[in-house]
Structure formats: structure tokens, C-alpha cells
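Student: Could you take a close look at one part of this protein with me, the largest pocket, and place it in its surroundings?

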Amino acid sequence: MESPMPTMTATETREALLVAARWFFCDAMSLGYAFGAKATPIPGRPNGKYYEHANNLWYLRDEYEVDPITKKSAGFTFIEYDQRRIWVMAYGGFYKQEAIPCLKAALMANYTRGDFYAGRGRDGYKHGECLYLVAAGLNEQFGFDRFFARERIFRAMEKDGVEVPELLGGHDVWGMALI
């Protein structure tokens with residue numbers, strides 16, 4: 001007797017899993033750093049912290065470290081499905097403290113809409129006096145399957161009567177599906 005359920009090819013299964021992972025990423029990340037949640041210290045790594053979120057067979061961990069002297073940060077995020085790591089993202093750079101509210105607002109704006117744009121905010125996002133910009137080499141590289149991006153935050157300053165941008169920091173980001 002034939003099964004009433006249609007069978008999916010390996011490609012269809014992979015694509016369906018990645019669509020679900022993208023939504024899980026946005027949901028989990030909207031409850032972490034950008035939301036203002038308290039990070040958990042990593043035992044044995046005094047400068048390391050993480051956020052995690054689990055939902056049935058899904059697990060996300062967003063882990064980072066901040067150098068106490070330079071204040072540069074780097075981290076990685078991964079998603080597991082049924083204890084199999086299926087996706088990763090790495091990031092690193094530096095932001096001045098006054099850029100953080102803009103960064104968090106830009107990230108939350110995308111996460112709460114379920115919008116994956118290289119895992120970051122949308123280019124041109126404005127928050128107070130700050131402007132969030134993100135760029136990649138090609139538009140298709142903003143996909144969930146494989147991507148890289150460079151994000152920057154600027155603040156408008158007046159110099160000699162002319163408004164000029166002041167760089168408040170930035171991060172480079174890349175990631176890919178492992179399946």
C-alpha cells in the first residue's frame with residue numbers, strides 16, 4: 001500500500017529545513033542580545049558569554065567574547081536540529097558604546113519581522129542620530145544558505161558648519177548552511 005504522504009527529495013527536505021531554521025534563527029535572536037536579555041558567562045572564559053534558545057528539536061547558541069583592553073568583540077552563532085549542527089555564522093569587530101542602541105534596534109527590527117538579511121539589520125536603518133549600514137558584494141549573498149556582510153554605524157557630526165559622518169564602529173559577518 002502506498003503512503004498517502006508525498007515523499008520529499010533530499011533537496012526539498014534540505015530546503016524545507018533551511019526555511020524552518022531561518023525562522024527559528026529570527027525567533028531565537030529576538031529573545032537574546034538585541035532584546036537586552038542577560039547573557040550567561042562561559043565557565044573558564046572570563047570574557048566569554050552566550051545566549052541560547054531551544055524549542056523541541058531546535059537549538060541555537062550565540063556565543064561571543066569581548067577583549068577587556070581593546071573592547072573588540074568576536075563570536076559565532078550556530079543552529080542544531082535534532083542534535084545535528086546545520087548552520088553557522090561568525091562575526092567580529094568593534095562598536096563604541098553609543099552605537100549599541102542603534103545596533104540593537106536595527107537587529108530587532110529584522111528579527112521581529114522574520115527578515116534574514118545576512119543575520120543583521122537592514123541597510124539604511126536610522127535610530128536617533130545614528131545610521132546603520134550593511135553591505136555585501138552581491139545581493140544574493142544575503143541568503144541564509146551562504147552569506148557575508150560588512151555592517152557599520154555612523155553618527156552625523158558637524159565640522160566647520162558641514163555635517164560629516166563619524167564612524168562608531170562595525171562588524172564583519174559571514175555564515176553558511178552545513179547541510
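Student: Before we get to the pocket, what percentage of the residues in the protein is buried?

Tutor: Happy to! This is a predicted model, in which local features need pLDDT of at least 70 and side-chain atom pairs count only at pLDDT 80 or more, while totals for chains, interfaces and linings use all residues. Residues are numbered from 1 along each chain as its sequence is written, and side-chain values use heavy atoms, with hydrogens and water left out.

To your question: of the 179 residues in the protein, 40% are buried (buried means under 20% relative accessible area, exposed over 50%, partly exposed in between, with a 1.4 Å probe and protein chains only). The accessible surface comes to about 10,600 Å², and 56% of that belongs to carbon and sulfur atoms; these areas come from the Shrake-Rupley method with a 1.4 Å probe, and for residues only the protein chains shown count as cover.

Now the frame around the pocket. The protein has two helices and nine strands, in the order α-β-β-β-β-β-α-β-β-β-β from the N terminus (helices are DSSP runs of H or I with at least four residues, strands are runs of E with at least two, numbered from the N terminus). Its C-alpha trace spans about 80 × 40 × 25 Å along the principal axes. With contact meaning heavy atoms within 4.5 Å, 47% of the contacts between residues at least 6 apart in sequence join residues at least 24 apart.

The largest pocket holds about 550 Å³ of space. Its lining has 21 residues, and Tyr33, Tyr64, Val66, Ser73 and Ile100 lie nearest the centre. The elements giving two or more residues to that lining are β2 (45–55), β3 (58–66), β5 (84–95) and α2 (100–111). Helix α2 gives the most, with five residues. Here a pocket is an open set of points on a 1 Å grid over the protein atoms alone, where a 1.4 Å probe fits, with protein on both sides within 12 Å along at least five of seven lines; lining residues have an atom within 4 Å of a point. Grid points are joined across faces, edges and corners, and the volume is the space filled by probe spheres set on the points.

Let's follow two of those elements. In strand β2 we find Gly48, which is buried, with a relative accessible area of 1%. Leaving aside residues up to four places away in sequence, Gly48 touches Thr40, Pro41, Ile42, Tyr64 and Glu65; Tyr64 is also among the residues nearest the pocket centre. In helix α2 sits Tyr111, buried at a relative accessible area of 4%. With the same sequence neighbours set aside, Tyr111 touches Phe25, Cys26, Met29, Ser30, Ala34, Gly119 and Arg120.

Two loops deserve a glance as well. Ala118, in the loop between α2 and β6 (125–127), has a positive phi of about 55° although it is not a glycine, and its relative accessible area of 0% makes it buried. Gln83, in the loop between β4 (73–81) and β5, has a positive phi of about 65° and is not a glycine either; Gln83 counts as exposed, at 77% relative accessibility.
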